[in-house]
Amino acid sequence: MIMAGGPFISIFANPFWGYWSDRLQNVKRILIFLLTGNLLATIVVFQLREYAVIFAFMLIFFFFNSPTFSQSNSLILNAIENTNYKFGAFRLWGSLGWAIIAALAGPVLSWMGLVNLWMLYGIMMLISLAFTIGLPQGRVTSKPKTERQSYWKVMLSSKLFFVFVILGILISVPNSINQTFVTLYISNLGGSNELIGWSVFLSAIFEIPVFLLFDRFLKKSARMMLGGLVIVSILFVIRWLLMSVAGGPLQVIFIQVLHCITFGGYYYIGTSLTALLIPAEYRATGQAIYALTWGGISGIIAGLFGGWMFDYLGPQTMYSICAIISVAGVAGFTFMWMKYRKQSELAAS
């Protein structure tokens, strides 16, 4: 119930904080609020002993924690606009941090004990807050041209973005199912906790060269980005088909390396496409809605239906169904790419 609360709360938290970032034109201030709320909620949770109260404060934690990714992306995009800097050069540090934590979490928890984890977490959050205070505001210099329009009208003004969000759910639901149940799958195949840690480390560390390659070769073109989404979606289908026939834990770990190009590619291209399609003054809200496709909505569906499939149909069948869902996403993105290419050619002629 606690873990299901995170995706549910993010459905409300992401648009809420995205709206205030755009309204205040100060993403840094919102990030400071989010990190402070995150820190305070965590400290309180570790002092509690009653389940109902812990559950309530975990929901508060998710309210402040879940929008951090999308808001930090907005700040990066706003800060590097009209400069030579690239998004991936900043985002790769998140992947590096994720990989380091995957490698160190087990030994650190064994040394400190779970009840003392809040102290280490608190120190890291205070360091993050100190750095955040020195960041730029992330203000968009251009004045909003659509300030009299409603929030949702602005978000739905781009049909391409609206369809992209809907199709993104088809790609993200299987990925969320895998993130939720791959550790159980490895355990069922006889894998140890150490192997599970290595699977997370390898899938995260190889995101770094992927982001750098996208920085170098991905152009700010909707046509090229849609083509990239087609390729990434096809790789997702291959990944789930391989998972459905895996015969041992080591095979699963090597297949998990594909995470760097599948989710890494979808995350990078989707973030860039959202920034391209949504007006800059509403960028934080656009990134928040995009985050719902790979976080909130897909997480809820994955928890409900993924758990049922894992228990009653088995992991092999579950991954086969994930491949079928991803095929629908491939078809949708291919149709979008072909239609957009045709429109571009007609406009050019």
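Me: What radius of gyration does the protein chain have, against that of a compact globule of 349 residues?
Reply: In this predicted model, where local features need pLDDT of at least 70, side-chain atom pairs count only at pLDDT 80 or more, and totals for chains, interfaces and linings use all residues, the comparison rests on C-alpha atoms and on a globule rule of 2.2 Å times the number of residues to the power 0.38. Residues are numbered from 1 along each chain as its sequence is written, and side-chain values use heavy atoms, with hydrogens and water left out. With 349 residues, a compact globule would have a radius near 20 Å, and the protein chain agrees with this, having 20 Å.

Me: How many helices and strands are there in the protein chain?
Reply: Both are DSSP runs numbered from the N terminus, a helix being H or I over at least four residues and a strand E over at least two. By this assignment the protein chain has 0 strands, and its helices come to 16.

Me: Which helix gives the most to the largest nonpolar core?
Reply: A nonpolar core is a set of buried Ala, Val, Leu, Ile, Met, Phe, Trp, Tyr and Cys residues joined through side-chain atoms within 4.5 Å, where buried means under 20% relative accessible area, exposed over 50% and partly exposed in between, with a 1.4 Å probe and protein chains only. The largest such core has 64 residues, and Phe164, Ile177 and Tyr266 are among those with the most contacts inside it. With 13 residues, the element that gives the most to this core is helix H8 (residues 159-188).

Me: Is Ser21 buried or exposed?
Reply: Ser21 belongs to helix H1 (residues 2-24). Taking contact as heavy atoms within 4.5 Å, and leaving aside neighbours within four places in sequence, Ser21 meets Asn26, Val27, Ile30, Gln71 and Ala284. Its relative accessible area is 1%, so Ser21 is buried.

Me: Where does Gln25 lie, and is Gln25 buried or exposed?
Reply: Gln25 has a phi near 50°, a positive value in a residue other than glycine. Its place is the loop between H1 and helix H2 (27-45). Since its relative accessibility is 14%, Gln25 counts as buried.

Me: Is Asn82 buried or exposed?
Reply: Asn82 is a residue other than glycine with a positive phi, near 65°, and is located in the loop between helix H4 (68-80) and helix H5 (87-112). Because its relative accessibility is 77%, Asn82 counts as exposed.
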